[in-house]
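Q: Please take a close look at one part of this model, the place where the two chains meet, and set it in its surroundings. I would like one connected account, with the cut-offs behind each term.

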Amino acid sequence: MSDNNFISPTKTARGLGSSKSGTSHHIRQRVSAIALLFLVPWFIYAIMTASGMDWASAREWAGKPHNALLLMLTAGAAIYHMCLGMQVIIEDYIYTPGMKGFLLILNRFACIALFAAFALSVLKLWIGADA
Amino acid sequence: MVASITQRITGVALYFGTFLLTAWMVALVTNQTAFECISTCIGSIFGQIVMFLWAVAVLFHLANGFRHLLWDGPHIGFDPKVASTWSIINYVFAFLGAGGLWAAANLL
């Protein structure tokens, strides 16, 4: 605070909320939830269809354009949604600053790695399928 | 209140479940032996129990999440009686739905 400023820090901050990114986080969580409301019922149906298949037919199934597209969308929305959700859980329950930061970063890395592994797998089956 | 913490617990369960799903997807691309091993695991009694609980978690999180969307968007269902009844419906839906899915997968 400069010497000429007589407004207290409390006065400056009042009414501005937490000045963090909570609202954006909340909206992202809800928007991905709306996507999942449609994608998850399809995914349940998909798992029931594909889980009984042998290796070759499951590969063929996942390589079909519409299945590959929906798998990719489901994975994207679900992993994004769970990344945001786990972030809130870590922020709520972990108080040690070092551990909190570590877990928040680990959560991000794990989710991004998970999506990369899933997406590359779907891409390989889709590109590899002759269609 | 119980529904709220269940939402969180099922969320965490689904978080780790997604690791298994991704492993299944990667096995589908890279390794036939691993894929068949996973298929055998799913077919075992232990695997069937895990799949059933997984379905319960997905359906509960889905139904209760839908309610959160109605709370946040059009502000529907805030009345305490409605909210409590709805919580019970979510639990019933999750277990009956999972039972229905299990029956559909095994009997059809």
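A: Thr18(B) is partly exposed, because 19 other C-beta atoms lie within 10 Å of its own; by the convention used here a residue is buried with 20 or more other C-beta atoms within 10 Å, exposed with 12 or fewer, and partly exposed in between, the C-beta atoms being placed from the backbone. This is a predicted model, in which local features need pLDDT of at least 70 and side-chain atom pairs count only at pLDDT 80 or more, while totals for chains, interfaces and linings use all residues. Residues are numbered from 1 along each chain as its sequence is written, and chains are lettered from A and ligands numbered from 1 in the order in which they are written.

Thr18(B) belongs to helix α1 of chain B, where helices (H or I, at least four residues) and strands (E, at least two) are DSSP runs numbered from the N terminus. Apart from its neighbours within four places in sequence, Thr18(B) is in contact with Ala78(A), Ile79(A), Met82(A) and Leu114(A), a contact meaning that the C-beta atoms of two residues, placed from the backbone, lie within 7 Å. Seen from the other side, Met82(A) touches Leu14(B) and Tyr15(B) as well as Thr18(B), together with Cys111(A) of its own chain, again not counting residues up to four places away in sequence.

Met82(A) and Leu59(B) are the residues with the most contacts inside the largest nonpolar core, which has 40 residues; such a core is a set of buried Ala, Val, Leu, Ile, Met, Phe, Trp, Tyr and Cys residues joined through C-beta atoms within 7 Å. At least two residues of this core come from each of α2 (22-50), α3 (55-63), α4 (65-93) and α5 (97-128) of chain A and from each of α1, α3 and α4 of chain B.

The contact between the chains as a whole takes 24 residues from chain A and 25 residues from chain B. On the side of chain B that touches chain A, two or more residues are given by each of α1, α2 (32-43), α3 (45-72) and α4 of chain B, and the largest share, 12 residues, comes from α1(B). By class, that side has 17 nonpolar, 5 polar and 3 charged residues, where Ala, Val, Leu, Ile, Met, Phe, Trp, Tyr, Cys and Pro count as nonpolar, Asp, Glu, Lys and Arg as charged, and the others, Gly among them, as polar.

Two further residues of chain A have partners in chain B. Ser121(A), in helix α5 of chain A, counts as buried because it has 21 C-beta neighbours inside 10 Å, and beyond four places in sequence it touches Met25(B), Val26(B), Leu28(B) and Val29(B). Its C-alpha atom is separated by 9.6 Å from that of Ala62(A), although the two residues are 59 residues apart along the chain. Ala33(A), in helix α2 of chain A, is likewise buried, with 21 C-beta neighbours inside 10 Å, and its contacts outside the four-place window are His81(A), Gly65(B) and Leu69(B).

Within chain B, the axes of α3(B) and α4(B) come within 8 Å and cross at roughly 140°, the axes being lines fitted to C-alpha atoms, for helices over the stretch in contact, with angles from 0 to 180 degrees between N-to-C directions. The residues making this contact include Leu59(B) of α3(B) and Trp86(B) of α4(B), and by class the contact has 14 nonpolar, 3 polar and 1 charged residues.

As for confidence, chain B averages a pLDDT of 86, with 99% of the residues scoring at least 70, pLDDT being the predictor's confidence in each residue, from 0 to 100. Among the elements of chain B, helix α1 (residues 2-30) has the highest mean pLDDT (89) and helix α4 (residues 80-107) the lowest (83), and the model scores ipTM 0.85 and pTM 0.84.
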